[in-house]
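I sat down with this model and a fresh notebook page. These are my entries, in the order I looked things up.

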Amino acid sequence: MELLYELLEYNKKFVETKEYENYIVEKSPKKKMVLVSCMDTRLTEMSFKSLGLKSGDIKHIQNAGAVISHPYGSTIRSILVAVYMLGVDEVVIMGHHDCGFGALQPEPMLEEMKSRGIKDETLNTLRHAGIDIDNWLKGFNSVEESVTEGVNTVKTHPLLTKDVPVHGLVINPDNGKVDLIVDGYKN
Ligand SMILES: [Zn+2]
């Protein structure tokens, strides 16, 4: 069976047997925090367990690299929604070691796109339109620097008040050890 149908098949039983009752939590986060972390599969549970967090505790945003790539992109917007509409008081940006996005170089990804049928012409049209796809598809050299940059982008955002602490962390996906990069209470 194809993956999606397999999931939907499972879902029927999930609802019928009322398994969902095990997972119902409050809409507002118990701990008033929003966490931005990477979409790395190794962190799906690890990011929560390593910090003693449970479902319902916090708002959680995941993207490739836990990067805040644009001050008016959807990640910042989600942070602002969490703060102004969902009762969040603190922001945590948590990158991780051995990040696949961090290691990303534009060339191999563009080559992969081309091998699947994306035309050079399309890439050039985007470049001419001022979209810097090469830079957009580039990871980072240092996860600590990337996290610090993300913290600064959020902290200095004109639509976020200065009383919201913005912290920066880096997690090791192999053992769950979390290092403090930016202490938002002090900075
Ligand atoms: Zn990652």
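**Entry 1: the sheet**

I began with the open sheet, whose five strands have the order β2-β1-β3-β4-β5 with mixed pairing. For my notes, two strands pair if DSSP finds at least two bridges between them. Strands are DSSP runs of E with at least two residues, helices are runs of H or I with at least four, and both are numbered from the N terminus. β2 and β5 (178-182) stand at the edges with a single partner strand each, so one side of each has no neighbour in the sheet. On average, neighbouring strands are turned by 25° against each other, with direction ignored.

I should say early that this is a predicted model: local features need pLDDT of at least 70, side-chain atom pairs count only at pLDDT 80 or more, and totals for chains, interfaces and linings use all residues. Residues are numbered from 1 along each chain as its sequence is written, and side-chain values use heavy atoms, with hydrogens and water left out.

**Entry 2: two strand pairs**

I looked at β1 and β2 next; they run parallel and are joined by five bridges. Ser37 has Gln62 of β2 as its bridge partner.

Then I went to β4 and β5, which pair in the antiparallel sense over four bridges. Here Leu169 is partnered by Leu180 in β5. The two strands form a hairpin with six residues between them, and Gly176 in the turn has a positive phi of about 75°.

**Entry 3: helices on the sheet**

Which strands does α3 touch? I found that α3 packs on the sheet against β1, β2 and β3, and its direction makes about 180° with that of β2. I also noted α7, which lies across β3, β4 (166-171) and β5 and runs at about 160° to β4. These angles run from 0 to 180 degrees between N-to-C directions, with axes as lines fitted to C-alpha atoms, for helices over the stretch in contact.

**Entry 4: α3 up close**

α3 (residues 74-85) has twelve residues and reaches 15 Å from its first C-alpha to its last, close to the 16 Å expected at 1.5 Å a residue. The expected span is 1.5 Å times one less than the number of residues.

Which residues of α3 are buried? They are Thr75, Ile76, Ile79, Leu80, Ala82 and Val83. They cover an arc of only 160° around the axis, which puts them on the same side of α3; the arc is that of the directions from the helix axis to the C-beta atoms. I reminded myself that an α-helix has 3.6 residues a turn, so residues three or four places apart point the same way.

On the other side of α3, Arg77 and Met85 are exposed. Buried means under 20% relative accessible area, exposed over 50%, and partly exposed in between, with a 1.4 Å probe and protein chains only. The cover over the buried residues of α3 includes β1, β2 (59-63), β3 and α7 (143-155). Just after α3, Gly87 takes a positive phi of about 75°.

**Entry 5: the zinc ion**

Which residues are the protein donors of the zinc ion? I found Cys38 (SG), His96 (NE2) and Cys99 (SG), lying 2.0 to 2.3 Å from the ion. Cys38 lies in strand β1 (residues 33-38) and His96 in strand β3 (residues 90-96), so the pair ties together parts that are 58 residues apart in sequence. The donor spacing in sequence reads C-x57-H-x2-C. Donors are N, O and S atoms within 2.8 Å of the metal (3.2 Å for Na, K and Ca); water is not among the atoms, so sites may look incomplete.

Is His96 buried or exposed? His96 counts as buried because its relative accessibility is 1%. Leaving aside neighbours within four places in sequence, its contacts (heavy atoms within 4.5 Å) include Cys38, Asp40, Arg42, Val143 and Pro173.

**Entry 6: the rest of the chain**

I stepped back and found seven helices and five strands in the chain. Buried residues make up 34% of the 187 residues.

My last stop was Glu26, in the loop between α1 and β1. Glu26 is exposed, with a relative accessible area of 61%. Glu26 and Asp57 are 31 residues apart in sequence, and 8.8 Å apart in space, C-alpha to C-alpha.
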